[in-house]
Amino acid sequence: MKTILSGTQVAITVDRLCHQLIENHGDFSQTALIGLQPRGIYLADRIYDTLQKLLPGVKIQYGRIDITFYRDDFNKGKAIHVPNETAIDFSIENKKVVLIDDVLYTGRTTRSALDAMLDFGRPSVVELLVLIDRRFTRELPIQADYTGRTIDAVNSEKVKVRWKDRDGHDDVIIE
């Protein structure tokens, strides 16, 4: 087991990602943040909360999306897929949407999120923000616009993002 990001490094990285979003989106009047269920929402919550502190009084549209029924492996295997809640109470029509997930691995989760998102409108731009980009494991031509850390990990290695809200502490490890 190797630590990729400590708790302090996770906090610094989230802060940096928020500042990059502010640089590119200004007042967020035409931007919506959408966290991907299940694990991307922990990063999305952290990004949203940090932006609210950095931009007091600015209304930022924020939602969560579940991609369970949009997965390309939904009907394969014997596993029962249990969906999470989708909570988007606004239209994304002609908005700039920032999809937020913890780890970019094969790209299939992001592709599913793009399909699911269309049920809420057609955005003008879609960007992807991830905490960890496993750059050499992509199966689809998808890349992040905002990346916390890029790592090289072989397929047999597992990257785990642990969050204080869920796991008791923040860090990123590779097993």
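The exercises below, each with a worked solution, concern a predicted model.

**Exercise 1. The surroundings of D170**

Locate D170, decide whether D170 is buried or exposed, and find which groups its side chain meets.

Solution.
- Step 1. D170 sits in the loop that runs between α4 (164–167) and β8 (171–174).
- Step 2. The relative accessible area of D170 is 15%. The cut-off for buried is under 20%, so D170 counts as buried.
- Step 3. The side chain of D170 has a polar contact with the side chain of R46, at 2.8 Å. A polar atom of the D170 side chain also lies 2.6 Å from the backbone nitrogen of K164.
- Step 4. Leaving aside residues up to four places away in sequence, D170 touches S6, G7, V10, R46, R162, W163 and K164.

**Exercise 2. Helix α2**

R46, the partner of D170, is among the buried residues of α2. Compare the span of α2 with the expected one, then state which of its residues are buried and what covers them.

Solution.
- Step 1. Helix α2 covers residues 40–54, which makes 15 residues. From the first C-alpha to the last the helix reaches 21 Å, close to the 21 Å expected at 1.5 Å a residue.
- Step 2. The buried residues of α2 are G40, I41, Y42, L43, A44, D45, R46, I47, T50 and L51.
- Step 3. In an α-helix, residues three or four places apart point the same way, because there are 3.6 residues a turn. Among the buried residues of α2 are I47 and L51.
- Step 4. The cover over these buried residues includes the helices α1 (7–25) and α4, together with β2 (31–36), β3 (61–65), β4 (96–104) and β5 (125–134).

**Exercise 3. Strand β2 and its partners**

Describe the burial of β2, the pairing of β2 with β4 and β3, and the hand of the crossover to β3.

Solution.
- Step 1. Six of the six residues of β2 are buried. T31, L33 and G35 point one way, and A32, I34 and L36 point the other way.
- Step 2. β2 and β4 run parallel and are joined by five bridges. In this pair I34 stands opposite L99 of β4.
- Step 3. β2 and β3 also run parallel, with five bridges between them. Here L33 stands opposite Y62 of β3.
- Step 4. The chain passes from β2 through α2 to β3, and this β-α-β crossover is right-handed.

**Exercise 4. The three-stranded sheet**

Give the strand order of the open sheet that contains β8, identify its edges, and describe the faces of β7.

Solution.
- Step 1. The order of the three strands is β1-β8-β7, with antiparallel pairing.
- Step 2. β1 (2–5) and β7 (159–162) are the edge strands; each has a single partner strand, so one side of each lacks a neighbour in the sheet.
- Step 3. From one strand to the next, the twist averages 30 degrees.
- Step 4. Four bridges join β7 to β8. R162 stands opposite D171 of β8, and V159 stands opposite I174 of β8.
- Step 5. Side chains alternate along β7: V159 and V161 point to one face and are buried, whereas K160 and R162 point to the other and are not buried.
- Step 6. α1 lies across β1 and β8, at about 25 degrees to β1.

How values were computed:
Residues numbered from 1 in each chain as written. Predicted model: local features only at pLDDT ≥ 70, side-chain atom pairs only at ≥ 80, totals over all residues. Heavy atoms only, no water. Helix = DSSP H or I, 4+ residues; strand = E, 2+ residues; numbered from the N terminus. Buried < 20%, exposed > 50% of the residue type's maximum accessible area, 1.4 Å probe, protein only. Polar contact = N/O pair within 3.5 Å; in protein donor to acceptor, adjacent residues only side chain to side chain. Contact = heavy atoms within 4.5 Å. Expected span 1.5 Å × (residues − 1). Pairing = 2+ DSSP bridges. Right-handed = clockwise from strand over helix to strand, strands pointing away. Axes fitted to C-alpha atoms, helices over the stretch in contact; angles between N-to-C directions.
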